[in-house]
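Visitor: I would like to go through this structure with you. I will ask what stands behind each label.
Guide: Good. Let us look at it together.

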Amino acid sequence: MDPYLAGAYLTIDLGAIVANYKYLAAQSQTAECAAVVKADAYGLGMEKVATALAKAGCRRFFVALPAEGLTLRRLLPDVSINVLNGLMPGAEALYLSERLTPVLNSYEEIVKWAELCRARGPHPSMLHLETGIHRLGLQQSDIEKINRDLGALDGLEVTYLMSHLACADIEDHTKNQAQLDEFERLKAMLPDALSHLPCSVANSSAIFLGPEFQMDLMRPGIALYGGNPVPKLKNPMQPVARLQGKILQVHDVDREMTVGYGATHRMIENGRIATVSVGYADGYLRSLGNTGFCGIGEFRVPVVGRVSMDMITIDVTAIPQELSQRGSLVDLIGGSVDLDEIAKKAGTISYEMLTSLGSRYNRHYEEAEN
Ligand SMILES: *Cc1c(COP(=O)(O)O)cnc(C)c1O
């Protein structure tokens with residue numbers, strides 16, 4: 001969308017994504033570093049992001065859905081594309097024709113994939129062991145079924161055993177070690193051919209839990225996009241996304257008045273209210289009403305009143321007029337507005353802020369230098 005047609009600018013720094021990838025990869029001497037680009041690379045645009053990462057040397061990508069895998073395959077003919085949500089019914093043939101690697105999450109999926117590979121030739125898969133998050137993955141009962149009928153595995157090619165942690169962002173949570181122990185226990189129950197494969201459990205946060213979590217393959221998502229993988233410490237990642245809204249109008253307040261739907265904010269003193277052209281339809285979460293803040297230069301200004309569909313109102317009383325007039329830009333995410341901090345204000349996490357970003361922006365990509 002042309003800049004003058006849009007209410008807000010979204011700038012995505014591909015150089016920062018590449019720098020973040022290199023920083024994460026450098027956390028291990030031995031593990032390979034993949035990139036998770038599901039949900040349109042966390043809202044930042046899978047095509048641009050994956051292309052930049054592939055140029056920077058990333059050879060393995062994770063998506064959630066076969067549809068995402070298909071889009072990525074059109075773009076990157078040679079990389080490994082792994083589908084986290086498993087072998088989805090009806091899409092099996094597509095995994096083979098597009099060379100998508102399913103993350104097999106159940107006994108049924110394993111049997112189905114082995115059958116297909118016997119008929120159409122081998123193709124890699126990953127096995128997901130369920131170790132404590134209870135979303136997807138093989139449980140002990142699945143492994144028992146496998147062991148009862150090893151013939152069903154004929155033709156199966158597995159590249160990695162993987163699992164996913166529930167509490168990796170809480171460094172000292174006992175569940176982290178408990179999940180590693182469960183991973184080892186389940187692994188030991190697998191038939192010989194499968195129990196010595198390379199392993200992967202680390203999302204962004206788990207990369208910072210040490211080598212026993214990094215294993216052979218790391219799978220960061222949010223940290224690539226600037227989210228803080230170590231919430232208790234200063235964010236080691238470079239910011240990636242900057243969202244700036246335009247001031248549409250400024251109101252001088254010279255008598256008591258209320259602002260926005262529901263009349264939830266009352267101006268008592270004289271002051272100035274600016275209306276900014278971004279709203280919940282753009283992913284500026286409604287929970288930020290009367291709670292959020294924006295940045296204008298070095299200044300921080302409060303969101304006052306409710307977030308509307310296409311607008312927010314901010315109190316610019318304390319800001320120099322030349323910085324807060326019609327057409328001035330206001331930082332909503334990035335600049336002086338930290339992604340994790342504003343997400344917290346919204347009652348959510350950086351992941352949801354980014355994946356909520358809307359389509360009515362003027363999007364601009366700063367290219368990475370390679
Ligand atoms: C989304 C996801 C990741 C990436 O997680 P981040 O916390 O964003 O680093 C890794 N592994 C699995 C299985 C996922 O679903």
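**Labels and the values behind them**

Guide: Start with one pair: the side chains of Arg 60 and Glu 32 make a polar contact at 3.2 Å. Keep in mind that the model is predicted.

Visitor: Why is the pairing of Arg 60 with Glu 32 called a polar contact?
Guide: The side chains are 3.2 Å apart at this contact. The cut-off for a pair of N or O atoms is 3.5 Å. So the pair qualifies as a polar contact.

Visitor: Where is Arg 60 placed?
Guide: Arg 60 belongs to strand 4, which covers residues 60–63.

Visitor: Why is Arg 60 called buried?
Guide: Its relative accessible area is 16%. Buried means under 20%. Therefore Arg 60 counts as buried.

Visitor: What makes Ser 163 buried?
Guide: Its relative accessible area is 1%. The limit is under 20%, so the label holds. Ser 163 is in the loop between strand 8 (157–162) and helix 8 (174–189). A polar atom of its side chain lies 2.7 Å from the backbone oxygen of Leu 129.

Visitor: How many residues of the protein chain are there, and what share is buried?
Guide: The chain has 370 residues, and 55% of them are buried. It holds 13 helices and 19 strands. Its C-alpha atoms fill a box of roughly 80 × 40 × 40 Å along the principal axes.

Visitor: Why is Ser 287 called partly exposed?
Guide: Ser 287 has a relative accessible area of 39%. Partly exposed runs between 20% and 50%, so Ser 287 falls in that class. Ser 287 sits in the loop between strand 14 (271–276) and strand 15 (293–296). The C-alpha atoms of Ser 287 and Val 307 are 7.7 Å apart, with their positions 20 residues apart along the chain.

Visitor: What is said of phi at Ala 39?
Guide: Ala 39 has a positive phi of about 50 degrees, although it is not a glycine. Ala 39 lies in helix 2, residues 38–42. Its relative accessibility is 37%, which is between 20% and 50%, so Ala 39 counts as partly exposed.

Visitor: And what about phi at Arg 99?
Guide: Arg 99 is not a glycine, yet its phi is positive, about 55 degrees. The residue is in the loop between helix 5 (92–97) and strand 6 (100–104). Its relative accessible area is 40%. That value is between 20% and 50%, so Arg 99 is partly exposed.

Visitor: Now the ligand. Which residues around the ligand come nearest?
Guide: Lys 38, Tyr 42, Ser 204, Ile 222 and Tyr 351, of 14 residues around it. That shell divides into seven nonpolar, four polar and three charged residues.

Visitor: What makes the approach of His 164 to the ligand a polar contact?
Guide: A nitrogen atom of the ligand is 3.4 Å from an N or O atom in the side chain of His 164. The cut-off is 3.5 Å, so the pair counts. For Tyr 42, the distance from a side-chain N or O atom to a ligand oxygen is 2.6 Å. A polar side-chain atom of Arg 219 is 3.1 Å from a ligand nitrogen.

Visitor: How much of the ligand does the protein cover?
Guide: The protein covers 92% of the 390 Å² that is accessible on the ligand alone.

Visitor: Where does the ligand sit?
Guide: The ligand sits in the largest pocket.

Conventions
Residues numbered from 1 in each chain as written. Predicted model: local features only at pLDDT ≥ 70, side-chain atom pairs only at ≥ 80, totals over all residues. Heavy atoms only, no water. Near = heavy atom within 4 Å. Polar contact = N/O pair within 3.5 Å; in protein donor to acceptor, adjacent residues only side chain to side chain. Areas by Shrake-Rupley, 256 points an atom, 1.4 Å probe, with all protein chains shown as cover. 1 Å grid on protein atoms, 1.4 Å probe; cavity = no way out; pocket = protein on both sides within 12 Å on 5 of 7 lines; lining within 4 Å. Sits in = over half its atoms within 2 Å of the grid points. Nonpolar A, V, L, I, M, F, W, Y, C, P; charged D, E, K, R; others polar. Helix = DSSP H or I, 4+ residues; strand = E, 2+ residues; numbered from the N terminus. Buried < 20%, exposed > 50% of the residue type's maximum accessible area, 1.4 Å probe, protein only.
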